[in-house]
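Got the viewer open? Let's take a short walk through this one, a selection at a time.

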Amino acid sequence: MTEIKKGAAAATDTADAPVEKKPRGRKPAAKALTEGTAKKTEVKAAGEKKAAEKKPAEKKAAEKKPAAKPAEPKQSVVIQYGSDEVVTKDVVAAAVKAYKSKHRGVEIKTVEVYIKPEEKAAYYVVNGDDSQGDNKIELF
């Protein structure tokens, strides 16, 4: 008589059962790529929903925050010489206009204006360049 051990009986039972074949190696690249993309899309969609839920709350907080700032005083500088006077804002505007008429297409970054009332003129320097020599504006 042959004795069958418990372990051997279990081995014969599993031998009769169908065996699943597992694919060897890595997953196909296309399948892995689509699975990863689907997961990223789900995570992105969940993040967008959370962001959309937060936006109304942020708007309400922003509407409440604007504190009343003291108004900036209106500024104006007027230079008087004898019976004549000139507003500095107008002098700067005239300097920019004169520079643009002579230098088309050049971007203006800085403007410096020197007012000389005794000469009844103003001299301007645009972008640090005054080499032209024709940077004089008649004031009065």
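One thing before we start: this is a predicted model. Now select residues 111-116 and 121-126, which are strand 3 and strand 4. The two pair in the antiparallel sense, over six bridges. For one spot along that pairing, pick lysine 116 and look for alanine 121 of strand 4 standing opposite.

Next, add residues 136-138, which are strand 5. You now have an open sheet of three strands, antiparallel in its pairing, with the order 3-4-5. Strand 3 and strand 5 are the edges and each has a single partner strand, so one side of each has no neighbour in the sheet. Look along the sheet for its twist: on average, neighbouring strands are turned by 25° against each other, direction ignored.

Now bring in helix 3, residues 88-102. It lies across strand 3, strand 4 and strand 5, and runs at about 120° to strand 3. Fancy a quick check on its length? With 15 residues at 1.5 Å a residue, helix 3 should span 21 Å, and its end C-alpha atoms are indeed 21 Å apart.

Stay on helix 3 and show side chains. Which residues here are buried? Select Val91, Ala95, Ala98 and Tyr99. They sit on the same side of helix 3, because they cover an arc of only 95° around the axis. That fits the usual geometry: an α-helix has 3.6 residues a turn, so residues three or four places apart point the same way. The cover over the buried residues of helix 3 includes strand 2 (84-87), along with strand 3, strand 4 and strand 5. Rotate to the other side of helix 3 and you'll find Lys89 and Lys97, both exposed.

Two loop stops to finish. Glutamate 119 is in the loop between strand 3 and strand 4. It counts as partly exposed, because its relative accessibility is 34%. Its side chain makes a polar contact with the side chain of tyrosine 123, at 2.7 Å. Try a C-alpha to C-alpha distance from glutamate 119 to phenylalanine 140: 9.7 Å in space, for 21 residues apart in sequence.

Last, jump to asparagine 135, in the loop between strand 4 and strand 5. Is this residue buried or exposed? At 13% relative accessibility, asparagine 135 counts as buried. Follow its side chain to the backbone oxygen of tyrosine 124, reached at 2.8 Å. Leaving aside residues up to four places away in sequence, asparagine 135 touches Ala122, Tyr123, Tyr124 and Asp130.

Notes: Residues numbered from 1 in each chain as written. Predicted model: local features only at pLDDT ≥ 70, side-chain atom pairs only at ≥ 80, totals over all residues. Heavy atoms only, no water. Pairing = 2+ DSSP bridges. Helix = DSSP H or I, 4+ residues; strand = E, 2+ residues; numbered from the N terminus. Axes fitted to C-alpha atoms, helices over the stretch in contact; angles between N-to-C directions. Contact = heavy atoms within 4.5 Å. Buried < 20%, exposed > 50% of the residue type's maximum accessible area, 1.4 Å probe, protein only. Polar contact = N/O pair within 3.5 Å; in protein donor to acceptor, adjacent residues only side chain to side chain. Expected span 1.5 Å × (residues − 1). Arc of directions from axis to C-beta.
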